[in-house]
Amino acid sequence: MSVTPDNFSLMKQDEEQGDYTVYNGGPTPSRLFLTFNLNKGSFGGEPVVSPVKSAWFNSVKFRQAVAYAIDRDTMLNNIYKGLGELQNSQIAPQSPYHAKDSEVKVYDYNLEKAKELLISDGFTYQGDQLFDKDGNRVRFTLQSNVGNKIREQAGAQIKQNLALIGITADFQPIDFNKLITNIGDSFEWDAIVLGFGAGVEPNSSANLWLSTGQLHFFNQAAPPTADPPLTGREVYEWEEEISNLYIQAAQELDEAKRRELYVKTQQLVQENLPFIHLVGQYSMSAVRNKVENVEYTSLGGVTWNIHELELRAD
């Protein structure tokens, strides 16, 4: 049985009575993040994102300010009950190519730093509300898929956190299929809290990071058959560099050089923040004690060594 932060304490206290063991495999390889729609393109002359909001989202200082404003420690303690870790990379910690925190930029909770970045970027405060240099109040819609309790709670907290730096984020959990349609077809979204599975091999997520990838949704290219076609899309230099590095790393046979290439991708992601990484929970499961030789891991779960598992005769 899968164990979550919500049911962990109950499951743990009943271990002996229930004759099972709760196994903790450490951090899940899955990534949870906040992302903004950076697409500057238009369909039939209609901008994918309103030019006012697009100017905010495409400012690195704005995205960095948002990252500093999110209290991930509180998210870890309140939502995950401490059963997880802060994430600072798009590559899973189980991977040999995962960058250490000392190798990448890390955004610890710092409201003053967030406000300083916004003011240096031309934003101003009127009372406790943030306005851009043209007098537009900073307000956007933040979405996630309804029914995913962790993401709903994370979105609600992000809304509260951003209010402390004058930003109004209208949190709107919506149907998952509708969310995917917005991401992949209409491109009609502002910001999203979402997750994706990351394996030991980073190239398994290349479709997310290649600038032409079908899952490159923070700045998605439209298919050639799109009618009307997408015009005006811009790809940043750092974005193209990440794309090229993923291709180079997939071709590199020297492990040290390969890790170097992947660390560079993580540095670029953390500096430019197409994704603002949040928190990941521990991978946990409860298994009856009559199942012997369990060697639980976050990658393989309970049954990766099924050839060694045995059922004890009671």
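Author: Two strands pair if DSSP finds at least two bridges between them. Strands here are DSSP runs of E, at least two residues long, and helices are H or I runs of at least four, numbered from the N terminus. One note first: this is a predicted model, where local features need pLDDT of at least 70 and side-chain atom pairs 80 or more, while totals for chains, interfaces and linings use all residues. Residues count from 1 along each chain as its sequence is written, and side-chain values use heavy atoms, leaving out hydrogens and water.

Reader: OK, what makes β3 and β11 a pair?

Author: Count the bridges. Strand β3 (residues 31–36) and β11 share six of them, and pairing asks for at least two, so they qualify. The two pair in the antiparallel sense. For one spot to look at, find Leu34, which sits opposite Val193 in β11.

Reader: And how do you know that β9 pairs with β11?

Author: Here the count is two bridges. The rule says at least two, so β9 and β11 pair as well. Strand β9 (residues 139–145) and β11 run parallel. Gln143 has Ile192 of β11 as its bridge partner.

Reader: Why is β11 called mostly covered?

Author: Five of the six residues in β11 (residues 191–196) are buried. Buried means under 20% relative accessible area, exposed means over 50%, and partly exposed is in between (1.4 Å probe, protein chains only).

Reader: Why are β5 and β12 called edge strands?

Author: They belong to an open sheet of three strands, in the order β5-β4-β12, with antiparallel pairing. β5 (46–47) and β12 (230–231) each pair on one side only. Strand β4 (residues 42–43) meets β12 through two bridges, which is enough, because at least two are needed. Phe43 stands opposite Leu230 there.

Reader: What makes Asp190 and Lys53 a salt bridge?

Author: The closest N and O atoms of Asp190 and Lys53 are 2.8 Å apart. A salt bridge needs a side-chain nitrogen of Lys or Arg within 4 Å of a carboxyl oxygen of Asp or Glu, so the pair passes. Asp190 is in the loop between α8 (176–186) and β11, Lys53 in helix α3 (residues 51–57), so the bridge ties together parts 137 residues apart in sequence.

Reader: Are those two residues buried or partly exposed?

Author: One of each. Asp190 has 11% relative accessibility, so it counts as buried. Lys53, at 21%, counts as partly exposed.

Reader: How do you know that Lys149 and Asp6 form a salt bridge?

Author: Their closest N and O atoms are 3.4 Å apart, so the pair fits the rule too. Lys149 is in helix α7 (residues 149–163) and Asp6 in the loop between β1 (2–3) and α1 (8–13), 143 residues away along the chain. Lys149, at 48% relative accessible area, is partly exposed, and so is Asp6, at 37%. These two also join Lys81 in a network of salt bridges.

Reader: What makes Arg258 and Glu201 a salt bridge?

Author: A gap of 3.0 Å between their closest N and O atoms. This bridge links helix α11 (residues 255–272), home of Arg258, with the loop between β11 and α9 (206–209), where Glu201 lies, and the two are 57 residues apart. Arg258 is at 8% relative accessibility, so we call it buried. Glu201 is at 31%, so we call it partly exposed.

Reader: How many salt bridges does the structure hold?

Author: Eight.
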